[in-house]
Protein chains: 2
Amino acid sequence: MLKIGVIGVGTVGRSVVQILEQNADMITARAGCEVVVKSGVVSNLDRDRGLDIALSTDPLDIVDDPDIDIVVELMGGVDEPFKIVKRALSNGKAVVTANKALLAYHRYELQSLAADIAFLYEASVAGGIPIINALRDGLSANHIESIVGILNGTCNYMMSKMADDGVEFEAILKEAQELGYAEADPTFDIGGYDAAHKLLILASIAYGIEAKPEDILIEGIESVTQDDIAFAKEFGYALKLLGVAKRDGDEVELRVHAALIKNTQMIAKIDGVMNAISVVGDRVGETLYYGPGAGGDATASAVVANIIDIARAGGKSSPMLGYNKPLEHGLKLKKSDDIVSKYYLRLKVEDSKGVLAQIAKLFEEFDISIETMLQRPIDEGSANLLFSTHEAVERDIQSVLAKIEKLDFILNKSVMIRIL
Amino acid sequence: MLKIGVIGVGTVGRSVVQILEQNADMITARAGCEVVVKSGVVSNLDRDRGLDIALSTDPLDIVDDPDIDIVVELMGGVDEPFKIVKRALSNGKAVVTANKALLAYHRYELQSLAADIAFLYEASVAGGIPIINALRDGLSANHIESIVGILNGTCNYMMSKMADDGVEFEAILKEAQELGYAEADPTFDIGGYDAAHKLLILASIAYGIEAKPEDILIEGIESVTQDDIAFAKEFGYALKLLGVAKRDGDEVELRVHAALIKNTQMIAKIDGVMNAISVVGDRVGETLYYGPGAGGDATASAVVANIIDIARAGGKSSPMLGYNKPLEHGLKLKKSDDIVSKYYLRLKVEDSKGVLAQIAKLFEEFDISIETMLQRPIDEGSANLLFSTHEAVERDIQSVLAKIEKLDFILNKSVMIRIL
């Protein structure tokens with residue numbers, strides 16, 4: 001019999017306890033032994049959770065309990081769970097966590113501390129989709145060329161709704177908050193940070209690359225408007241918040257931002273709160289994984305799958321990065337300035353003579369070539385200029401935008417969206 | 001060092017040898033040891049395959065070679081590989097196969113013979129998509145409610161082309177044959193048999209159900225016409241060849257047939273030669289897996305992933321069905337007659353009085369209720385009647401169709417397509 005302690009018995013923790021109870025027969029058959037939740041840790045003992053397990057408020061009651069085999073960490077945050085997980089591993093306990101922030105900052109340290117003790121975190125990326133499993137095992141014969149993911153359900157819900165209903169960002173955000181899809185303070189989701197945490201976890205498995213959120217390009221969806229949606233529709237694109245990891249020689253590009261993607265791509269067809277990850281391997285080509293990225297039961301499904309893995313393997317685990325020893329030549333993080341992409345630009349300008357000529361001259365100066373251009377009047381005296389470019393270097397686009405901002409006929413901060 | 005023997009060095013076998021050679025550094029790091037192809041078996045030694053391995057024509061040269069650790073079976077067929085694989089397992093060798101026909105008939109016998117020797121077959125279903133991995137490991141916390149798969153790329157290519165180009169079946173088939181997507185004798189693909197083999201493998205992993213192709217409902221796509229495509233488009237459906245496994249109480253429904261699916265479903269959005277499998281688990285909800293279902297490199301990617309699995313686990317393997325011991329209560333195969341579905345019917349009739357009344361009376365007699373009806377003139381004297389029904393039992397639909405066939409104003413064999 002394997003004994004589990006759950007630190008953090010909120011929505012996901014409750015589901016973990018319930019799945020292990022209600023699907024016990026099947027899980028025993030799959031795991032090869034009984035799996036029982038012995039105890040849980042909560043912040044408030046007064047609330048009745050309707051669960052038949054011992055509860056306390058001190059994580060050490062689980063982490064230091066010699067009777068516990070697997071610690072399930074679902075507390076959230078970074079510093080506190082970091083201490084708890086380190087101590088659990090030092091005590092020789094297997095650890096399963098769904099905590100993406102913890103992993104975005106400390107995965108290498110924890111991984112090396114774990115050595116051959118199981119330390120698994122399938123639930124930390126894209127909830128119920130077994131994408132880490134696919135990268136570590138199913139695609140293990142492949143060098144990974146790229147990963148492109150819809151990793152944040154809130155953003156995807158909002159972008160889908162903007163495209164379907166023609167309503168502006170602020171109105172959709174309010175609706176998403178009322179439906180419980182977006183937090184009261186939505187910055188973590190709509191600013192791209194949540195997606196970035198998940199991207200870093202995937203990239204470390206695919207490329208063994210060690211980077212922190214501060215090191216990579218992270219942009220949100222706050223500046224997207226119906227003008228951009230209209231442009232996307234006109235030219236056959238969908239507009240999504242994407243996490244992108246792409247290998248280029250001995251460098252890896254990591255970035256999170258709103259992007260235009262051709263409608264014919266599978267990832268462009270993912271609507272609503274769902275998540276999806278497209279992975280291109282050098283041998284298999286493109287495979288894509290789709291499913292619920294959040295929710296108690298979906299996330300708990302991944303946590304319990306990891307628990308069964310551990311039971312099957314007798315508490316040992318092949319290393320999470322998929323490598324038994326580090327590859328000789330690690331890959332480096334590409335500088336954000338060096339990213340090459342096609343770009344979409346929206347400039348609000350005074351509707352007067354010579355405007356286009358001046359902008360065109362700036363583009364030429366930085367060797368940026370225009371693919372499409374649309375001018376849309378806003379009112380009597382102003383218009384939107386919408387451009388898409390051929391491939392250009394991020395540094396040049398940023399420079400040209402800085403120069404454009406200073407022109408006196410520019411009425412608003414310009415918007416730039418990368419085209420995938 | 002692990003030594004591999006490859007029986008059948010065709011397109012997939014060559015790719016297996018090449019991946020192990022060209023991605024050797026990465027694979028050694030992932031497997032924890034060197035993996036080397038020692039020898040291969042071919043039917044014709046005269047052809048130069050450009051590979052640097054020992055070749056012979058006798059499978060026993062590999063199967064009885066004490067130096068070989070893993071036998072990769074890629075010969076195709078059923079009886080001959082069955083003997084070979086049995087002997088390999090008896091000799092204590094791990095086996096990896098991509099042979100879906102072998103597995104559709106003998107998976108239980110081989111699985112039980114293998115006991116804890118690794119016997120893996122990720123490549124047998126949906127080529128490069130790690131769907132078996134997902135079912136066994138990623139979704140192991142879930143009771144599987146249903147599996148709906150686009151499991152045959154040839155059929156999906158043909159159905160997509162019929163919808164896009166408005167061309168009839170025979171013309172598309174010829175084109176698919178010219179492009180190499182369809183065989184000279186296409187029956188195995190377009191008759192649904194290939195998809196059925198794959199469905200049986202998936203169902204045995206999800207439900208532990210033992211059934212052979214002869215036991216289940218298998219229909220092809222030969223009778224689909226542009227009339228059906230037009231109906232589908234009009235009512236918001238896509239038309240696909242699907243493999244369906246569905247749990248209903250203690251029974252499992254297994255069937256392969258053309259089906260109408262609402263356009264909003266993810267599986268309806270899969271176009272061209274690609275494969276996809278939608279899996280609904282009781283906890284995770286729907287997840288979907290998409291990728292190339294055929295091709296040398298994609299299939300070899302799955303074969304090599306299994307080889308790496310075996311290396312990591314030191315030649316042992318948790319059982320392929322995901323269960324360490326059988327579940328107490330096995331599920332039974334549902335009779336095809338008992339299937340409940342919505343149906344689409346196309347009848348070619350004489351355009352004369354009273355026709356609709358007689359047909360409506362028959363529907364009423366069998367308690368089948370009509371959801372939509374379209375009449376489309378064909379020429380002066382004839383018309384197509386297109387119906388969709390509310391939920392009905394397969395037995396009743398078959399009975400009503402048998403009666404309708406006998407009416408003297410019916411001009412052609414009627415067409416029935418299930419609606420998912």
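Guide: Two residues are in contact if their C-beta atoms, placed from the backbone, lie within 7 Å, and in this predicted model the contact between the chains takes 48 residues from chain A and 47 residues from chain B.

Visitor: Which elements give two or more residues to the side of chain A that touches chain B?

Guide: They are α2 (24–31), α6, β12 and α12 (296–312) of chain A, and α12(A) gives the most, with 9 residues. Sorted by class, that side of chain A has 22 nonpolar, 16 polar and 10 charged residues.

Visitor: What makes β12(A) and strand β12 (residues 285–292) of chain B a pair?

Guide: Two strands pair if at least two bridges are found between them, and these two strands have 3 bridges, in the antiparallel sense, so the requirement is met. Within this pairing, A:Leu288 stands opposite B:Tyr290 in β12(B).

Visitor: Why is A:Asp367 called exposed?

Guide: A residue counts as exposed if 12 or fewer other C-beta atoms lie within 10 Å of its own, and A:Asp367 has 10 such neighbours, so it counts as exposed. A:Asp367 lies in the loop between α13 (355–365) and β15 (370–379) of chain A, and has a positive phi of about 60 degrees although it is not a glycine.

Visitor: How do you know whether B:Ala115 is buried or exposed?

Guide: The same cut-off of 12 or fewer applies, and because B:Ala115 has 11 C-beta neighbours inside 10 Å, it counts as exposed. B:Ala115 is placed in the loop between α5 (100–114) and β6 (119–120) of chain B, and, although it is not a glycine, its phi is positive, at about 50 degrees.

Visitor: What makes helix α6 (residues 131–138) of chain A mostly covered?

Guide: A residue is buried if 20 or more other C-beta atoms lie within 10 Å of its own, and in this helix 8 of its 8 residues are buried, among them A:Ile131, A:Leu135 and A:Arg136. What covers these buried residues includes α10 (193–207), β11 (274–281) and β12 (285–292) of chain A, together with α6 (131–138) and α12 (296–312) of chain B.

Visitor: Which residues have the most contacts inside the largest nonpolar core?

Guide: That core has 264 residues, and those with the most contacts inside it are A:Leu202, A:Ala203, A:Val303, B:Leu202 and B:Val303. Leaving aside its neighbours within four places in sequence, B:Leu202 is in contact with B:Val125, B:Ile131, B:Leu135, B:Ile147, B:Gly149 and B:Ala245.

Methods:
Residues numbered from 1 in each chain as written. Chains lettered and ligands numbered in written order. Predicted model: local features only at pLDDT ≥ 70, side-chain atom pairs only at ≥ 80, totals over all residues. Helix = DSSP H or I, 4+ residues; strand = E, 2+ residues; numbered from the N terminus. Nonpolar A, V, L, I, M, F, W, Y, C, P; charged D, E, K, R; others polar. Core = buried A, V, L, I, M, F, W, Y, C linked by C-beta atoms within 7 Å.
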